[in-house]
Amino acid sequence: MATPSGKAVTPNPQVSKRSLPRDASSEVPSKRKNSNPTSTLPRPSGLFVEGSIVRIAMENFLTYDICEVSPGPHLNMIIGANGTGKSSIVCAICLGLAGKPAFMGRADKVGFFVKRGCSKGLVEIELFRTSGNLVITREIDVIKNQSFWFINKKPVTQKIVEEQVAALNIQVGNLCQFLPQDKVGEFAKLSKIELLEATEKSIGPPEMHRYHCELKNFREKEKQLETSCKEKTEYLEKMIQRNERYKQDVERFYERKRHLDLIEMLEAKRPWVEYENVRQEYEGVKLIRDRVKEEVRKLKEGQIPMTRRIEEIDRQRRTLEVRIKEKATDIKEASQKCKQRQDLIERKDRHIKELQQALTVKQNEEHDRQRRISNTRKMIEDLQNELRTAENCENLQPQIDAITNDLRRVQEEKALCEGEIIDKQREKEMLEKQKRSVSDHIVRFDNLMNQKEDKLRQRYRDTYDAVLWLRNNKDRFKQRVCEPIMLTINMKDNKNAKYVENHISSNDLRAFVFESQEDMEIFLREVRDNKKLRVNAVIAPKISYADKAPSRSLNELKQYGFFSYLRELFDAPDPVMSYLCCQYHIHEVPVGTERTRERIERVIQETRLKQIYTAEEKYVLKTSFYSNKVISSNTSLKVAQFLTVTVDLEQRRHLEEQLKEINRKLETVDSGLVALRDTNRRLELKDNELRLKKKELLERKTKKRQLEQKISSKLASIRLMEQDTCNLEEEERRASTKIKEINVQKAKLVTELTGLVKICTSLHIQKVDLILQNTTVISEKNKLEADYMASSSQLRVTEQQFIELDDNRQRLLQKCKELMKRARQVCNLSADQAVPQEFQTAFQDLPNTLDEIDALLTEERSRASCFTGLSPLNCFEQVVEEYTKREIEIQQLNEELEGKKVELDEYRENISQVKERWLNPLKELVEKINEKFSNFFSSMQCAGEVDLHTENEEDYDKYGIRIRVKFRSSTQLHELTPHHQSGGERSVSTMLYLMALQELNRCPFRVVDEINQGMDPINERRVFEMVVNTACKENTSQYFFITPKLLQNLPYSEKMTVLFVYNGPHMLEPNRWNLKAFQRRRRRITFTQPSQ
């Protein structure tokens, strides 16, 4: 970091060769805060001009890890060895101010400016503004080759950044303001025109370059208009001369043409007159037809309300039918919900019963414990009484032995009873487990049945609705009614379902099977007539065919590959099986395998079966009545759709019976448990009595000490029993709480059940109401249809009259069209083209009858034949046409020429005004540049001048600034070119021209990179002195001068800022850089030197 001093310089920015530990973008704030030594130095903001650079920060940019530069307001010299990163600062200025990467001459992609090995880089430029500094940040993403822009830490677009930069008159693409190292040689290659444009943009007023562009555009337009006016004038004179030669012949041609045109008009009008006569007749017929048509329309309109009402009633009927079906569905859903609530209530009741039983067991146990405690206390009292009145020992041993034997026998019986109780409990648990297993099997069977019902509902909804109705109304039938055959059939093996489905028609598969004709009539009347459901019903034979034996044994057919008859492939109720055997002869139709297919010829000839099935085909055999030959036809089997779900109804019935048997056994076990518990309780009482007797005898036998020990033992036993206490009140309270909770849930379920029952009742009422409405609507529709048929008779008579009149009208219309077509052909008109106004006007002056038209035609033809000498007609018509075209073209050219002249005058006026506003200030500006430029060269004992050069004053795009110089007194002034002067001379000239612009420049800063490389020491010293003197004046713009080396003993100014750039592996880390610490250390050294 450099300080504003000519002698003291401080080395920062520096380059650290280490890589950042984290993403560069995330490290910028903390590292910038730690490495910003300029925050402690007040910036002389009053010396900066608007748009000057106050701070430059870089991170992972070219050679830099992290670097921050704070330039001064005047001349900033950036010095460092080659490769240290001087030009990197120039690149940072250019890219940070929205410059193009290609302008630097290094790379065309912005990602190449990020330090190698890093994924992101950052450049931040802080510009001085009196209203508050402007901080522009550019983050560069290497992978996406994209830039992200921020102004004062807020994200913006590049366009907004460019607008902010342009508002401060910063032009990083102008070589007069920004001259990077790789563009120094290009400055001398600028043409005079390009140099003028760059100078205008750099130091001229904002409107100067705009005026110049407008002048160039106006001059280009002026040239185009002058050329156009000249060409049109010459062409107009030629056209006028050519038309004068043909004027007399054209007049004679038009006279003859008038007679011919009249003849043409008469010939054109004649068919129109014929057409008009027929048209009037057509209009008369059309008028009568329209009256009849109006009558037909009125009759039809009279029928429209009836038609609409019929359609409305039909829509209403369909809507009612849909609503009836919806109500039926809602009723089913409500019924299912009621069933669910009832099941839940039953489970709650069982739960309450279990809680009560558990409480009873605990109460019994507690009562038993209290009884034992009471008995023990009585025994203690008896022992104590006996202890007080102890007598001499008697011979009680026989009694004690007898009681001991009785006690042992009672204990054995009690142990046996308890063992039986345990066995019964185990048996009960096993039965309950079996009950759960059987219930689960039944639920699975029900689920399979539901699958079959779902398929029925999806395919035949009416049949499904009829099944639901049947289940709810079985009590209305006298005999057995079977649900649709597809629901009652249960396949023994799913893979055989295809044979049954291909054999039985779909109508019968969804048919209900009745045993009684009366029951079937009741069913069809309710379901088909009242509910309008499309269902099928059949009657099973009165004599059962279900067990009828086949005519041939299956063993005889096994040799052909047959493995079963159709009847043996499935189970079904007796009426269904009887009907299928009677109707489809399933007991006579064998089913074979692929082996049967291979021997099909032999099977047909030998078995004489009427129908057979192979693995994938069905064969139907017929015997010819005349030839007695067997005729066979085969069809491929369709895939089974309905019978693939197998429900073994026999097994389900077996499971239900098994469940009943388990329930019966459970009841038996429960009653046995009750009896065993009673026996156990009785044995326990007897055991207690014997123990008491034995104790009494032993107590009488023992001495006082033994009585005391027994009393002590009984007291200990009482304490143990009292410790094993059970709080019945707490248990009762808990049980009561749980029962109350269950009762609350049960009440809620009862409430829900009551609501559902009400809903179900309401739905039934609504359904009945809808059925009544539907009946009323159908009755009204029938009445309207009868009225509609009656009103149609009169309409047919009137329509016949209308048809006859319309045929006559069509005939006249066709004749009119033919006449119209001929008339249009005569007039050369298309079918959709209207008669031109010129024909209509001409026809008004001509006769209106056929006789008058024919007479006038004869007269005009005679007059037209008098004109001779004008042939050939085609050639002369071409001359007239060209004459007419030229007349029109002459008129158009005159109008265009007048417009061009007016436009040309306007452009000349604009050019005059803009030229005055542009040229005079430009000449003054060039004079000022020339004065500065000449003075700089004179101070170097050389000569140079700058002038405004142009070859033609009106060619504004050819204006340019010409620089002429001479470095030796013996030569003349020569124009500065890339070839005439040496490299050092071009560098000196370029530098002095830029210095001449310095004091006139309105740009906030200027950058010049290593322009002194080609100069000799004398010129370099002179140029350096001029740069210092010019750039360090008051109110001049900021100046950046980049050089790798300087001569010795050069003059410096206090307003200069010298920035040294160092680079190397032993540089101080950026986060350790502290300018305040360096200054304090410097002051301590300065203070201690005098004392030494």
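Modeller: Let me begin with a term: a residue is called buried when its relative accessible area is under 20%, exposed when it is over 50%, and partly exposed in between. The model in front of you is a predicted one.

Colleague: Why is Cys816 called buried?

Modeller: Cys816 has a relative accessibility of 4%, and buried means under 20%, so Cys816 counts as buried.

Colleague: How do you know that Cys760 counts as buried?

Modeller: The reasoning runs along the same path, since the relative accessibility of Cys760 is 12% and the limit for a buried residue is under 20%.

Colleague: What makes the sulfur of Cys760 and the sulfur of Cys338 too far apart for a bond?

Modeller: The closest cysteine sulfur to that of Cys760 belongs to Cys338 and lies 5.7 Å away, whereas a disulfide needs the two sulfur atoms within 2.5 Å, so the pair does not qualify. For the structure taken whole, the number of disulfides is zero.

Colleague: Let us turn to charged pairs. What makes Glu752 and Arg341 a salt bridge?

Modeller: Their closest N and O atoms are 2.7 Å apart, and the cut-off asks for a side-chain nitrogen of Lys or Arg within 4 Å of a carboxyl oxygen of Asp or Glu, so the pair meets it. This bridge joins distant parts of the chain, with Glu752 in helix α20 (residues 728-827) and Arg341 in helix α7 (residues 247-388), 411 residues apart.

Colleague: Why is Glu752 called partly exposed?

Modeller: Its relative accessibility is 30%, which is neither under 20% nor over 50%, so Glu752 falls into the class in between.

Colleague: How do you know that Arg664 and Glu661 form a salt bridge, and where do they stand in helix α18?

Modeller: The closest N and O atoms of Arg664 and Glu661 are 1.9 Å apart, which is within the 4 Å that the term allows. Arg664 and Glu661 are three residues apart in helix α18 (residues 649-701), so about one helical turn separates them. Arg664, at 44% relative accessibility, and Glu661, at 31%, are both partly exposed.

Colleague: What are the corresponding values for Arg691 and Asp687, and which of the classes buried or partly exposed fits each?

Modeller: Arg691 and Asp687 form a salt bridge, with their closest N and O atoms 2.7 Å apart, and they are four residues apart in helix α18, again about one helical turn. Arg691 has a relative accessible area of 35% and is therefore partly exposed, while Asp687, at 5%, counts as buried.

Colleague: How many salt bridges does a search of the whole structure find?

Modeller: The search finds 43 salt bridges. A network of them links Arg55, Glu68, Glu124, Glu126 and Lys153.

Colleague: Why is strand β23 described as largely enclosed by the rest of the structure?

Modeller: Strand β23 (residues 1005-1009) has five residues, and five of the five are buried, so the strand is largely enclosed. Phe1005, Val1007 and Asp1009 point one way, while Arg1006 and Val1008 point the other way.

Colleague: How do you know that β23 and β24 pair?

Modeller: DSSP must find at least two bridges between two strands, and β23 and strand β24 (residues 1038-1043) have five, in the parallel sense. Within β24, Ile1042 is the bridge partner of Asp1009.

Colleague: What makes β10 and β13 edge strands in their sheet?

Modeller: They belong to an open sheet of three strands, in the order β10-β12-β13 and with mixed pairing. β10 (481-482) and β13 (536-539) each have a single partner strand, so one side of each is left without a neighbour in the sheet. β10 pairs with strand β12 (residues 511-514) in the antiparallel sense over two bridges, and Cys482 stands opposite Val513 in β12.

Colleague: What makes phi of Asn60 and phi of Ala98 worth a remark?

Modeller: Most residues other than glycine have a negative phi. Phi of Asn60 is near 55° and phi of Ala98 is near 70°, and both values are positive. Asn60 is found in strand β2 (residues 53-61) and, at a relative accessible area of 2%, is buried. Ala98 sits in the loop between α2 (86-96) and β5 (120-127), and its 11% makes it buried too.

Note on methods: Residues are numbered from 1 along each chain as its sequence is written. This is a predicted model: local features need pLDDT of at least 70, side-chain atom pairs count only at pLDDT 80 or more; totals for chains, interfaces and linings use all residues. Side-chain values use heavy atoms; hydrogens and water are left out. Buried means under 20% relative accessible area, exposed over 50%, partly exposed in between (1.4 Å probe, protein chains only).
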